[in-house]
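Biologist: I am new to this structure, and I would like a close look at a single part of it. Could you take one sheet and walk me through how its strands and helices are arranged?

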Amino acid sequence: MIGVAEALDIILARISPAGIERVMLSHACGRVIAEDVVSGVTIPPLDNSAMDGYAVRACDLASVPVRLRVIGDLPAGSRWSGALGPGETLRIMTGAPVPDGADTVVRQEVTRRDGDHVEILEREDTAHIRRAGEDIRAGARVITAGTRLRPAHSGVLASITCAVVSVYQQPRVAILSTGDELVDIDGDPGDGRIVNSNSYTLAALVRENGGIPLMLGIARDTPNDLRAFFQQARHADIIISSGGVSVGDYDFVKDVLRDMGAEMSFWKVAMRPGRPLAFGMIEGRPAFGLPGNPVSAMISFEQFVRPAMRKMSGLRNLFRRTLTAVADEPVATRPGLTYFLRCRVRRESDVYRARVTGEQGSGILMSMAEANALMVIAADAGSVQAGDPVTVQILDPEFDTTAAHQF
Ligand code: AMP
Ligand code: MG
């Protein structure tokens with residue numbers, strides 16, 4: 001049986017970045033930019049005032065208070081054509097270009113206006129001028145390809161007049177649940193049937209990672225039904241199924257994928273939860289047969305589908321953020337398996353601590369819902385004692401915010 005790292009290498013070797021499309025800047029936030037962006041302009045283009053006040057020559061303020069003659073008014077968006085002479089000043093608003101001859105702006109708060117003169121009452125040690133190019137220099141790379149765009153990037157791109165942006169296409173991910181016991185969310189979960197929750201968790205994970213989920217529904221545990229559903233999924237960029245991939249009498253996913261010509265790379269990965277896991281390529285598209293147990297399906301998605309989706313999305317950073325935390329309690333493991341334990345990480349003064357969120361059965365979704373991280377115990381690491389350092393993968397995108405409230 002192959003290990004987690006080896007499985008991931010096999011998968012990632014098969015994935016290449018998606019195609020590129022052009023979108024309006026107003027729709028670009030959250031997308032992954034496909035090209036380096038170099039500014040053709042300087043921001044701000046000119047030295048301009050950081051305050052409402054008076055543009056002056058610093059040499060005129062050798063002794064204060066001093067009276068200067070106001071020769072004009074400079075609102076934001078207008079430019080003074082002349083230059084400032086000795087003893088002269090211009091009324092200037094925030095953002096207006098600093099006129100020739102001036103090298104300082106005096107804040108209005110330290111002046112007293114008197115008709116066409118103004119008295120400067122204090123001398124400050126800042127010039128209150130925003131320098132040309134202090135934000136962006138012409139020729140500077142402002143965004144690197146493979147970055148997921150955030151609101152600040154929208155502002156930067158707008159400032160340099162980049163109205164249309166090249167981004168990677170979002171992976172379309174077909175999601176198929178398998179199992180005779182499954183009913184839809186509006187079905188009757190009596191008589192040993194259970195609601196198909198995996199389609200919802202998997203669709204949410206796809207969306208959380210910038211993909212477009214295509215929820216195909218529930219296939220019955222027959223080769224024919226499975227084949228029909230996998231046929232429908234063929235046009236997606238990634239295919240994921242859950243269930244029907246282990247050694248039960250009705251586990252036909254592997255056989256069907258193989259019959260359809262999928263080139264299968266592996267069936268099992270040495271991990272817990274989630275040992276059964278099929279991966280192969282159907283007509284050049286990656287297909288993942290995830291285990292059916294809800295937590296196994298999620299954790300297998302996290303470890304394998306997510307990095308694949310991110311590589312396909314053009315992202316440079318494929319993996320969850322990891323931290324070293326101190327384990328609150330011992331964890332017994334069997335050698336040869338990589339363990340992923342649902343846990344809650346918190347900060348206590350200058351260390352992170354991790355507590356397992358209760359029962360770790362692979363059907364217990366609540367312990368996944370309560371977790372903000374996964375504790376990863378490598379296959380050769382042996383059991384963990386209370387107080388041991390452990391690696392945790394942070395799952396909760398709000399983790400920093402939560403932590404900030406705690407200390
Ligand atoms: P399987 O891998 O098909 O043997 O499924 C293992 C267990 O996972 C089943 O007994 C179900 O309880 C559960 N399961 C499978 N598919 C789903 C699903 N789509 N939603 C929720 N639970 C599921
Ligand atoms: Mg099943």
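Modeller: What follows describes one sheet and the helices that lie against it. This is a predicted model, in which local features need pLDDT of at least 70 and side-chain atom pairs count only at pLDDT 80 or more, while totals for chains, interfaces and linings use all residues. Residues are numbered from 1 along each chain as its sequence is written, chains are lettered from A and ligands numbered from 1 in the order in which they are written, and side-chain values use heavy atoms, with hydrogens and water left out.

The sheet is open and mixed in its pairing, with 6 strands in the order β16-β13-β17-β21-β20-β18; strands here are DSSP runs of E with at least two residues, and helices are runs of H or I with at least four, numbered from the N terminus, and two strands pair if DSSP finds at least two bridges between them. At its edges lie β16 (212-219) and β18 (263-268), each of which pairs on one side only. Neighbouring strands are turned by 15° against each other on average, direction ignored, where axes are lines fitted to C-alpha atoms, for helices over the stretch in contact, and angles run from 0 to 180 degrees between N-to-C directions.

Within the sheet, β17 (residues 238-242) and β21 (residues 285-290) run parallel and are joined by 4 bridges, and I239 has A287 in β21 as its bridge partner. Helix α1 (residues 4-14) packs on the sheet, touching β18, β20 (276-282) and β21, and its direction makes about 155° with that of β18; contact means heavy atoms within 4.5 Å. Helix α6 (residues 294-312) lies across β13 (172-178), β17, β20 and β21, and runs at about 170° to β21.
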